[in-house]
Amino acid sequence: MSGLDAPEIAAAYDAVRSDKDSTNWLLISYASAVGNKLSLTQTGTGGLPELAAALDDSQVQYGYARVEYANDAESTRVKFALVVWIGENTKVMRKARVSVESGDVKRVLAHHSIAVTTGDKAELAEKEVVARLRKAGGADYNGGRG
């Protein structure tokens, strides 16, 4: 397999999904410039801003983040977002393989409400992602104003 079966990836995924763990994101990157071996490169507790800061413009990377947001004064929702990052300086051959390899990643990081494929960190701003999660979730208590 492409390295996605590594125990540290499974452990990080479980940590992000756990209500009892402060880890709220993980990042998977290619182990080298050639080949398709993926490995866990980072985890963190700083949410989407920290994940976005860890992304590399010269790589394809896969992030997974826990996103919490309030619907109203009484309720908070927890959703998960998969990020398929295609940095603007990524080599052409690496970009060409994204559609195949992202499918493998989506199977391993299976529980997500949305998948965001982007090369623009602005699309990973908390406000943008929460708006997409609200739209994907059906119930929108803020009239679409995110």
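The following conversation goes through some contacts and strands of one predicted model and sets each value against its definition.

Reader: What should I keep in mind about the model and its numbering?

Author: Residues are numbered from 1 along each chain as its sequence is written, and side-chain values use heavy atoms, with hydrogens and water left out. Because the model is predicted, local features need pLDDT of at least 70 and side-chain atom pairs count only at pLDDT 80 or more, whereas totals for chains, interfaces and linings use all residues.

Reader: Why is the contact between glutamate 68 and arginine 66 called a salt bridge?

Author: A salt bridge is a side-chain nitrogen of Lys or Arg within 4 Å of a carboxyl oxygen of Asp or Glu. The closest N and O atoms of glutamate 68 and arginine 66 are 3.2 Å apart, so the pair meets that rule. The structure holds 4 salt bridges, and Asp19, Arg66 and Glu68 are linked in a network of them.

Reader: How do you know whether arginine 66 and glutamate 68 are buried or exposed?

Author: Buried means under 20% relative accessible area, exposed means over 50%, and partly exposed lies in between (1.4 Å probe, protein chains only). Arginine 66 has 10% and is therefore buried, while glutamate 68 has 46% and is therefore partly exposed.

Reader: What makes glutamate 101 and arginine 97 a salt bridge, and which of the two is buried?

Author: Their closest N and O atoms are 2.8 Å apart, and so they fall within the limit for a salt bridge. Glutamate 101 is the buried partner, because its relative accessibility is 4%, whereas arginine 97, with 38%, is partly exposed.

Reader: Why are aspartate 104 and arginine 107 said to be separated by about one helical turn?

Author: Helices (H or I, at least four residues) and strands (E, at least two) are DSSP runs, numbered from the N terminus. Aspartate 104 and arginine 107 are 3 residues apart in helix H4, which covers residues 98-108, and therefore about one helical turn separates them. They too form a salt bridge, with the closest N and O atoms 2.5 Å apart; aspartate 104 is partly exposed at 25%, and arginine 107 counts as exposed at 60%.

Reader: Why is the pair of tyrosine 13 and tyrosine 64 called tilted?

Author: Rings of Phe, Tyr and Trp (its six-membered ring) pair if their centres lie within 6.5 Å, and planes under 30 degrees apart count as stacked, over 60 as edge-to-face and the rest as tilted. By this rule the count comes to 3 aromatic pairs. Tyrosine 13 and tyrosine 64 lie 5.1 Å apart, centre to centre, with 45° between the planes, so the pair is tilted. This pair links distant parts of the chain, since tyrosine 13 is in helix H1 (residues 7-17) and tyrosine 64 is in strand E3 (residues 60-72), 51 residues apart.

Reader: What makes tyrosine 64 and phenylalanine 80 a stacked pair?

Author: The centres of tyrosine 64 and phenylalanine 80 are 5.7 Å apart and their planes differ by 5°, so the pair counts as stacked. Because tyrosine 64 lies in strand E3 and phenylalanine 80 in strand E4 (residues 75-86), the pair ties together parts that are 16 residues apart in sequence. Tyrosine 64 is buried at 0%, phenylalanine 80 at 10% and tyrosine 13 at 11%, and Tyr13, Tyr64 and Phe80 form one aromatic cluster.

Reader: How do you know that arginine 17 lies over the face of phenylalanine 80?

Author: A charge sits over a ring if NZ of Lys or CZ of Arg is within 6 Å of the ring centre and within 35 degrees of the ring normal. Arginine 17 lies over the face of phenylalanine 80 at 4.4 Å from the ring centre, and arginine 94 lies over the face of tyrosine 30 at 3.7 Å, so both distances fit the limit.

Reader: Why is E3 described as largely enclosed, and which strands pair with it?

Author: Of the 13 residues of E3, 10 are buried, and therefore E3 is largely enclosed by the rest of the structure. Two strands pair if DSSP finds at least two bridges between them. Strand E1 (residues 25-30) is joined to E3 by 5 bridges and runs antiparallel to it, with leucine 27 opposite glycine 63. E3 and E4 pair in the antiparallel sense over 12 bridges, and they form a hairpin with 2 residues between them.
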